[in-house]
Amino acid sequence: FFSLLSIVSCNNAEKSNITNEQESQVFNIDSARKEIDRANLEFVDLFNKSDSIGLANMFTSDGKSMEPNEPAFVGRRAIQNHYSLVMNAGANKLGLVTTGLWGDSKMLAEEGEYTFIDKSGKQLDKGKYIVLWKIEDGEWKLFRDCYNSDLPVQH
């Protein structure tokens with residue numbers, strides 16, 4: 001019995017390794033970068049159009065937006081409500097620059113820099129961000145989004 005169990009276990013481990021090996025051959029970080037760049041262009045476009053619903057739909061169903069100085073916004077509804085307030089408060093233009101991307105077919109980590117600008121062109125904020133991207137419904141979506149300012153805290 002134990003011999004049979006060992007053989008089955010070894011065979012399952014080999015199948016698992018083959019699957020992981022095949023998967024890593026299919027995944028291409030350069031292709032993923034193009035997809036993330038496209039998604040970021042869409043994110044910026046939706047933000048700049050003040051489309052908080054479209055923007056929230058770019059998050060996974062269990063997505064989380066972790067903003068500075070407030071609790072995390074969990075789920076599309078909370079994310080949509082938050083971005084609606086941000087957009088209505090005067091942040092009308094967003095800029096994103098990806099500075100790094102790592103990961104595999106299951107999860108990508110993106111590092112970058114952002115700017116928020118108002119209607120008059122005045123910079124409201126700038127800083128850095130980390131986004132974890134995950135495939136949902138065949139598309140890369142924001143799973144976790146966290147950013148913080150490079151500007152000093154206002155007292």
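Is Arg38 counted as buried, partly exposed or exposed? Arg38 counts as partly exposed, because its relative accessibility is 43%; in this scheme, buried means under 20% relative accessible area, exposed means over 50%, and partly exposed lies in between, with a 1.4 Å probe and protein chains only.

The structure is a predicted model, in which local features need pLDDT of at least 70 and side-chain atom pairs count only at pLDDT 80 or more, whereas totals for chains, interfaces and linings use all residues. Residues are numbered from 1 along each chain as its sequence is written, and side-chain values use heavy atoms, with hydrogens and water left out.

**Salt bridges**

A search of the whole structure yields six salt bridges, a salt bridge being a side-chain nitrogen of Lys or Arg within 4 Å of a carboxyl oxygen of Asp or Glu. The following table includes three of these pairs, with their N to O distances.

| Pair | N to O distance |
|---|---|
| Glu42 and Arg38 | 3.2 Å |
| Lys134 and Asp62 | 3.9 Å |
| Arg76 and Glu136 | 2.8 Å |

Glu42 and Arg38 both belong to helix 2 (residues 29-48), where they are four residues apart, about one turn of the helix. Helices (H or I, at least four residues) and strands (E, at least two) are DSSP runs, numbered from the N terminus. Like its partner in the bridge, Glu42 counts as partly exposed, because its relative accessibility is 34%.

Lys134 and Asp62 also meet in a salt bridge, with their closest N and O atoms 3.9 Å apart. This pair links distant parts of the chain: Lys134 lies in strand 5 (residues 123-136) and Asp62 in strand 1 (residues 59-66), 72 residues apart. Lys134 has a relative accessibility of 22% and therefore counts as partly exposed. Asp62, with a relative accessible area of 34%, is partly exposed.

The salt bridge between the side chains of Arg76 and Glu136 has an N to O distance of 2.8 Å. Here too the pair links distant parts of the chain, with Arg76 in helix 4 (residues 76-88) and Glu136 in strand 5, 60 residues apart. Arg76 is partly exposed, with a relative accessible area of 25%, whereas Glu136 is buried, with a relative accessible area of 15%.

**Strand pairing**

Strand 3 (residues 93-103) and strand 4 (residues 108-117) run antiparallel and are joined by 10 bridges; two strands pair if DSSP finds at least two bridges between them. The two strands form a hairpin, with four residues between strand 3 and strand 4. Gly103 stands opposite Leu108, which belongs to strand 4.
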